[in-house]
Amino acid sequence: MAPASSNAPVLAGVVGHPVRHSLSPVIHTIWAKRAGINGYYIPIDVPPSYDEFARAMDSLRVVGFAGVNVTLPHKEHALRYADKKSENAQAAGAANMLTFSDAGASAENSDTTGFAEAVREQRSEPGISALVLGAGGAARGVVLALKALGFTDIRIANRTMERAVALAEAFDLAVIEWGKRSQVLENTDILVNTTSLGMSGQPSLEMEIGALKPSALIADIVYAPLKTDLLRRAEENSHQTVDGLAMLMHQAVPGFRQWFGEEASVDDELRGELVKELNRRGKT
Ligand code: ATR
């Protein structure tokens, strides 16, 4: 829904539970300031049930919100709530963006396109062979992104085999035993960690990366800490890397374009501000 008058500020936000940790308000506020836009991007904590989520979305629409980003545990709720769903969101089974208009709510998944953009930023032709660690919602989005980037040989390794098999069957991928993850790296063009291993407070990821070819790219979706042990070792071995912050910044671009009406730029200055914020929160 458009703001009530042309002088009214544009309203958008991020909905999650918890939501205080989200860096999205920092990103959008920096972009709005840069563009001189009269707008607010607000963190909104909504309890975990679908009913609470739907009620909150109905209220935001009445108030005149242009749209929201959606984070855990509401990404599936966002897809269910929407009247219109992008192909990407449908394939991912989850949405991280809802845009409101008089015609209804439309759902998108920019986590997927954000990851693809972050990889493309490093490599215009990232390769064909990928190893993805993990089989949760994040892995699903990463697999869709890798397919969009042209990867044709995608393998999944996950601690719980059944989840790896389910994801592999859904997307026609190969499965690697979790215990063999370090033994299948020889021809791999990209290694992606989508598990929570390496995140502060979680066990570290045990992964021997010495067999990767020098040109292989290593990506980790974890952003607290920003330099996970995996990325630190990747850099020591002179591999190019994609960190969780790159993905986070790129996933925010479509929402800003949609709701604030301007193109946003992912650059070193933005990264610097976000690193400062993470430092302030004691997360790097
Ligand atoms: P998300 O939707 O964010 O991907 P998730 O569905 O909870 O979150 O998935 C977390 C991923 O981290 C899973 O692949 C999980 O493996 P399981 O499917 O076996 O649970 C992985 N993970 C979490 N803790 C792990 C651990 N200690 N060792 C190995 N994998 C772990």
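A residue is called buried when its relative accessible area is under 20%, exposed when that area is over 50%, and partly exposed in between (1.4 Å probe, protein chains only). Methionine 57 is buried, with a relative accessible area of 0%.

This is a predicted model, in which local features need pLDDT of at least 70 and side-chain atom pairs count only at pLDDT 80 or more, while totals for chains, interfaces and linings use all residues. Residues are numbered from 1 along each chain as its sequence is written, and side-chain values use heavy atoms, with hydrogens and water left out.

## Methionine 57

Helices (H or I, at least four residues) and strands (E, at least two) are DSSP runs, numbered from the N terminus. Methionine 57 belongs to helix H2, which covers residues 50–63. Contact means heavy atoms within 4.5 Å. Apart from neighbours within four places in sequence, methionine 57 touches Val15, Val68, Tyr81, Leu98 and Phe100 by that rule. Glycine 67 is 10 residues from methionine 57 along the chain, and their C-alpha atoms are 9.2 Å apart.

## The six-stranded sheet

Two strands pair if DSSP finds at least two bridges between them. Six strands make up an open sheet with parallel pairing, in the order E9-E8-E7-E10-E11-E12. E9 and E12 are the edge strands, since each pairs on one side only. From one strand to the next the twist averages 20°. Axes are lines fitted to C-alpha atoms, for helices over the stretch in contact, and angles run from 0 to 180 degrees between N-to-C directions.

The table gives three of the strand pairs, each with one pair of residues that stand opposite each other.

| Strand pair | Sense and bridges | Opposite residues |
|---|---|---|
| E8 (residues 153–158) and E9 | parallel, four bridges | isoleucine 156 and valine 175 |
| E7 (residues 129–133) and E10 | parallel, four bridges | leucine 133 and asparagine 193 |
| E10 and E11 (residues 217–220) | parallel, four bridges | valine 192 and alanine 219 |

Strand E10 runs over residues 190–193. In a regular strand the side chains alternate between the two faces of the sheet. Is each face of E10 covered or uncovered? Both are covered: Ile190 and Val192 are buried on one side, and Leu191 and Asn193 are buried on the other. Helix H5 lies across E10, E11 and E12, and runs at about 160° to E12.

## A cavity and a pocket

The search uses a 1 Å grid over the protein atoms alone. A cavity is a set of points where a 1.4 Å probe fits but cannot get out; a pocket is an open set with protein on both sides within 12 Å along at least five of seven lines; lining residues have an atom within 4 Å of a point. Grid points are joined across faces, edges and corners, and a volume is the space filled by probe spheres set on the points. For the classes below, Ala, Val, Leu, Ile, Met, Phe, Trp, Tyr, Cys and Pro count as nonpolar, Asp, Glu, Lys and Arg as charged, and the others, Gly among them, as polar.

The structure holds one cavity of 30 Å³ or more. The volume of the largest cavity is about 30 Å³. Its lining consists of Leu197, Gly198, Leu205, Asp220, Thr228, Asp229 and Leu230. By class these are three nonpolar, two polar and two charged residues.

The second largest pocket has a volume of about 230 Å³. Its lining has 16 residues, and Gln122, Thr241, Asp243, Ala246 and Arg271 lie nearest its centre. At least two lining residues come from each of helix H5 (110–122), helix H8 (229–236), strand E12 (240–242), helix H9 (244–260) and helix H10 (268–280). H5 gives the largest share, three residues. By class, the lining of this pocket has seven nonpolar, two polar and seven charged residues.

## Backbone details in loops

Two peptide bonds before prolines come next. Histidine 17 and proline 18 are joined by a cis peptide bond with omega of about 5°. Proline 18 sits in the loop between strand E1 (10–16) and helix H1 (24–35). Leucine 72 and proline 73 are also linked by a cis bond, with omega near 5°. Proline 73 is in the loop between strand E3 (67–70) and helix H3 (75–81).

Aspartate 172 is not a glycine, yet its phi is positive, at about 60°. Aspartate 172 lies in the loop between helix H7 (161–171) and strand E9 (174–177), and is exposed at 70% relative accessibility. Serine 238, not a glycine either, has a positive phi of about 65°. Serine 238 is located in the loop between H8 and E12, and is exposed with a relative accessible area of 60%.
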